[in-house]
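Biologist: Please pick one part of this structure and walk me through it closely. I would like to know what surrounds it and how the neighbouring pieces are arranged.

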Amino acid sequence: MARPGSGVLVSVNGLGYPPQNLARVVVWEWLNEHGRWRPYSAATCHHIENVLKGDARGTVVLGQVDAQLAPYVIDLQSMHQFRQDTGTMRPVHRNFYEPSSAPGKGVVWEWENDSGSWTPYDMEICVTIQNAYEKQHPWLDLTSLGFCYLIDFNSMAQTNRQSQRKRRLRRRMDLAYPLIMGSIPKSQSWPVGASSGQPCSCQQCILVNSTRAASNAILASQRRKLYGGSAGAPGATGTLTAVRQSNTFAGTTSNIQHNNISTGGGQAKAEQVQSPVFSANFSCSPALPSLPAAHGLSHVHAHSHGHHAIINGQNNLNRPGTQRLSMGTARGAVPPGVPALPVKNLTGSGPVHPALAGMTGILMCAAGLPVCLTRAPKPILHPPPINKSDMKPVPGVNGIRRKTKKKHLRRGKNPEDVVRRYTEKVKVAPDEDCTICMERLVMSSGYEGVLQHKGIKPELVGKLGKCGHMYHLLCLVAMYNNGNKDGSLQCPTCKAIYGEKTGTQPPGKMEYHVIPHCLPGYPEAKTIRIVYDIPAGIQTTEHPNPGKKFSARGFPRHCYLPDNDKGRRVLKLLIMAWDRRLIFTIGTSSTTGESDTVVWNEIHHKTEFGSNLTGHGYPDPNYLDNVLTELSAQGVGEDNLKE
């Protein structure tokens with residue numbers, strides 16, 4: 001089926017500027033790792049537009065409108081999204097659609113993913129589906145958009161034409177995307193000239209300045225890398241597919257050839273630039289008032305074979321084709337002699353803070369020195385490939401595998417018997433609060449009339465044997481009924497555990513063996529590798545949503561311990577915690593925000609083999625002691641090994 005032509009607003013005059021007398025719906029989009037432009041939500045786009053109206057060269061804190069986007073900011077000057085905890089930058093652009101299209105009406109089309117949640121289509125596809133739906137077509141073939149899917153509006157299903165797999169889809173109403181009238185505002189570059197005073201030193205401004213400096217320095221270094229040589233060398237020409245550099249240092253004039261730039265659904269081709277080597281004499285930004293503002297500025301001439309679009313110090317918010325990141329030739333090595341400044345994760349252990357790296361980049365550029373700001377190094381999650389014959393049993397540990405099956409699930413215990421087993425009656429109750437019901441111990445339990453047990457009267461008070469804390473016996477019964485009902489009690493005041501605590505970990509398997517590699521910080525010891533594997537399944541009565549599916553992301557999960565005496569003791573206790581179903585539970589992921597999924601259960605593991613960039617690797621001299629403390633808090637202490 002041909003793509004309907006009434007949805008996406010195509011480019012006008014080759015520049016991406018619609019006529020000024022038309023209304024347009026604005027959709028902001030970011031470029032994912034697969035080269036697809038993914039739309040922000042309507043609420044997020046309204047927030048971005050509001051910031052843009054106030055300061056077209058400012059920054060957008062996405063967490064102010066969506067808590068799940070708290071790590072992200074958008075720098076409107078460089079048109080990049082910056083993730084503060086990892087340092088990752090992605091291009092963003094501003095796309096335009098007709099008011100009668102899906103985003104203008106607040107219509108969202110979504111497909112059901114493997115976890116049972118809903119994922120919105122790319123905006124281009126959403127517009128096409130909505131057009132076919134409004135025309136009452138019975139089906140829609142997405143082959144023309146590059147997808148081998150068939151949309152059936154009667155069954156509201158998406159079918160993969162190759163695998164014949166079907167997924168549900170749905171149409172829902174949401175907030176309409178922002179509508180603008182008249183000319184599109186253009187971003188201005190940073191001013192150059194006399195300083196306006198001391199720069200702001202707040203964390204947000206430091207972040208914005210470092211983000212701008214990082215993005216522009218990366219792009220400039222990519223060009224220098226391919227066209228390195230003497231300035232003005234006649235042979236220093238070639239073709240570079242790259243992102244258009246924002247003119248952070250105002251006054252730069254570039255002649256750029258635009259090839260087939262379109263604003264329709266983010267399908268623009270990357271611009272082709274033919275350029276000699278860049279001059280090193282940049283004017284500096286007033287963010288550094290101590291630097292002179294009268295540096296000589298050399299124009300950068302890009303010789304094109306077609307018409308010239310002269311751009312003076314403008315960011316070109318509305319040219320999505322100029323914002324695409326090069327995926328090919330621009331990823332070469334940094335030229336010899338060019339210092340690399342690795343930008344660390346804000347919460348990680350990299351050598352240079354992004355703000356410091358950004359300011360250093362500005363200083364070095366202003367001084368005429370080449371500089372390249374690199375991305376944060378990737379964590380080394382796994383060891384080199386290992387033959388099966390090289391995997392050995394862990395000395396002193398029986399077996400290499402443990403399984404948790406449904407038959408291992410705990411059996412219920414009588415609540416009264418459990419409470420009486422670990423408490424002794426108090427004849428004269430002290431005049432203090434019961435910290436469970438917050439009533440005085442000399443009074444009846446707050447659960448009187450709510451909970452009734454024949455053998456336990458509401459005024460009876462008991463004292464726990466180990467810690468000596470006192471509660472109404474009826475309150476302890478109520479607390480037990482609200483817990484795991486596994487025959488154990490945990491003091492709500494000091495967290496002392498009575499009996500054997502078990503958890504709600506779903507069925508799976510745990511494997512462990514020794515591999516012939518060393519962990520950072522343990523050069524003399526081999527490594528114990530633990531492999532956890534839990535499949536997705538259905539929640540039972542002990543889980544948050546009985547009968548509902550739960551997902552299991554990232555399995556099998558590999559974890560590492562040093563093969564020394566303390567590492568083996570930790571392994572034995574982890575095996576015991578696994579048998580008691582305490583390693584994992586079902587809940588909401590703190591990383592992705594996904595609910596009804598398998599998550600760690602307060603016992604930290606090291607999942608990085610050869611680095612410690614995320615805090616989940618080595619060297620970490622305190623880790624073994626810390627995990628022993630965490631295991632003890634779950635009732636799995638070293639005294640259990642003696643038993």
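Modeller: Happy to! A good warm-up is Gly 58, which is buried, with a relative accessible area of 7%, because the cut-off for a buried residue is under 20%. Gly 58 sits in the loop that links helix 1 (42–54) to strand 3 (59–61). Its C-alpha atom is 5.7 Å from that of Leu 76, although 18 residues separate the two along the chain.

Please keep in mind that this is a predicted model. The chain has 643 residues, of which 47% count as buried, and its secondary structure comes to ten helices and 32 strands. Among contacts with a separation of 6 or more, 67% join residues 24 or more positions apart.

The part I would pick for the close look is helix 7, residues 473–481. Is this helix enclosed or open to the outside? Seven of its nine residues are buried, so helix 7 is largely enclosed by the rest of the structure. Those buried residues are Leu 473, Leu 474, Cys 475, Leu 476, Val 477, Ala 478 and Tyr 480. They pack against helix 6, strand 21, strand 22, strand 23 and strand 24 (489–490).

Let us take the helical neighbour, helix 6 (residues 415–422). Two packed helices are described by the angle between their axes and the distance between the axes. Here the angle is about 120° and the axes are 9 Å apart. Helix 6 and helix 7 are therefore oblique to each other, because the roughly perpendicular range ends at 115 degrees and the roughly antiparallel one covers angles over 145. Their crossing is right-handed. From helix 6, the contact uses Pro 415, Val 418 and Val 419; from helix 7 come Leu 473, Leu 476, Val 477, Tyr 480 and Asn 481. By residue type, that contact holds seven nonpolar residues, one polar residue and no charged ones. It helps to recall that an α-helix has 3.6 residues a turn, so residues three or four places apart point the same way.

The strands come next. Strand 21, strand 22 and strand 23 make up an open sheet in the order 21-22-23, with antiparallel pairing. Which strands stand at its edges? They are strand 21 (423–425) and strand 23 (470–472), each of which pairs on one side only. From one strand to the next, the twist averages 40°. Strand 22 (residues 461–464) is joined to strand 23 by three bridges, and the two run antiparallel. Within that pair, Val 461 stands opposite His 472. Helix 6 packs on this sheet too, touching strand 21 and strand 22, with its direction at about 80° to that of strand 21. Helix 7 lies across strand 21, strand 22 and strand 23, running at about 85° to strand 23.

For comparison, here is another sheet that has a helix on it. Six strands form this open sheet, in the order 8-7-12-11-10-9, again with antiparallel pairing. At its edges are strand 8 (118–120) and strand 9 (139–141), each with a single partner strand, so one side of each has no neighbour in the sheet. Here the twist averages 30° from one strand to the next. Strand 7 (residues 107–112) pairs with strand 8 over three antiparallel bridges, and Trp 111 stands opposite Thr 119 in strand 8. Helix 3 (residues 123–134) packs on the sheet, touching strand 7, strand 9, strand 10 (149–152) and strand 12 (166–173), and its direction makes about 105° with that of strand 7.

Strand 7 also carries Trp 109, which is buried with a relative accessible area of 0%. Leaving aside residues up to four places away in sequence, Trp 109 touches several others, including Cys 126, Ile 129, Tyr 133, Phe 153, Met 156 and Leu 169. Thr 119 is one of its contacts as well; the two C-alpha atoms are 8.5 Å apart, with their positions ten residues apart in sequence.

One last covered strand deserves a glance. Five of the six residues of strand 30 (residues 557–562) are buried. Six bridges join strand 30 to strand 27 (residues 527–533), and the two run antiparallel. In that pair, Ile 528 has Leu 561 as its bridge partner.

Note on methods
Residues numbered from 1 in each chain as written. Predicted model: local features only at pLDDT ≥ 70, side-chain atom pairs only at ≥ 80, totals over all residues. Heavy atoms only, no water. Axes fitted to C-alpha atoms, helices over the stretch in contact; angles between N-to-C directions. Helix = DSSP H or I, 4+ residues; strand = E, 2+ residues; numbered from the N terminus. Parallel < 35°, antiparallel > 145°, perpendicular 65-115°, else oblique. Left-handed = near helix turned anticlockwise from the far one by under 90°. Contact = heavy atoms within 4.5 Å. Nonpolar A, V, L, I, M, F, W, Y, C, P; charged D, E, K, R; others polar. Buried < 20%, exposed > 50% of the residue type's maximum accessible area, 1.4 Å probe, protein only. Pairing = 2+ DSSP bridges.
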